[in-house]
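Visitor: I would like a close look at one part of this fold, namely the sheet and what is held against it. Please take me through it slowly, ending with the charged side chains.

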Amino acid sequence: MAAPRSVNDSDFDQEVLESETPVLVDFWAEWCAPCKMVAPVLDDLANEYDGKVKFVKVDVDGNPETAMKYGIRSIPTLLVFKDGNPVDQVVGAVPKSVIKKHLDSTL
């Protein structure tokens, strides 16, 4: 069973930018209610896209460098990275179908 993995400022480049597969990065915080609404959806998608897309989470409170580097102003923000570059973004708590559409367009 695949599950989103937590990454931080120090291992972000290795886990995301150097990844061979596309990566969906969930920028979130513990106190964020919409983030908690999106979390189970991302768990489902991590299983569905296992082997095709890597799912990681970045806590913006504990990892401000990465959040600032990518201009994260509201959460949840989902960034899709491919070949080390952000190629798509979803902001806010959105339905699973919307996230799937963004992932499918990246693959």
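Guide: In this predicted model, a good place to begin is strand S4 (residues 77-82), which runs antiparallel to S5 and is joined to it by six bridges. Within that pair, Lys 82 stands opposite Asn 85 in S5. Helix H2 (residues 33-48) packs on the sheet, where it touches S2, strand S3 (54-59) and S4, and its direction makes about 160° with that of S3. Helix H4 (residues 96-106) lies across S2, S3, S4 and S5, running at about 165° to S5. The sheet itself is open and mixed in its pairing, with five strands in the order S1-S3-S2-S4-S5. Strand S1 (5-6) and strand S5 (85-91) stand at its edges with a single partner strand each, so one side of each is left without a neighbour in the sheet.

Turning to the charged side chains, the structure holds six salt bridges. In one of them, Glu 15 meets Lys 54, with the closest N and O atoms 2.9 Å apart; this pair links distant parts of the chain, since Glu 15 is in helix H1 and Lys 54 in strand S3, 39 residues apart. Glu 15 counts as buried because its relative accessibility is 14%, under the 20% cut-off, whereas Lys 54, at 25%, counts as partly exposed.

Glu 48 forms a salt bridge with Lys 100, the closest N and O atoms being 2.3 Å apart. Glu 48 lies in helix H2 and Lys 100 in helix H4, so this pair ties together parts 52 residues apart in sequence. Finally, salt bridges with shared partners join Arg 5, Glu 15 and Lys 54 into one network.

Note on methods:
Residues numbered from 1 in each chain as written. Predicted model: local features only at pLDDT ≥ 70, side-chain atom pairs only at ≥ 80, totals over all residues. Heavy atoms only, no water. Pairing = 2+ DSSP bridges. Helix = DSSP H or I, 4+ residues; strand = E, 2+ residues; numbered from the N terminus. Contact = heavy atoms within 4.5 Å. Axes fitted to C-alpha atoms, helices over the stretch in contact; angles between N-to-C directions. Salt bridge = Lys/Arg side-chain N within 4 Å of Asp/Glu carboxyl O. Buried < 20%, exposed > 50% of the residue type's maximum accessible area, 1.4 Å probe, protein only.
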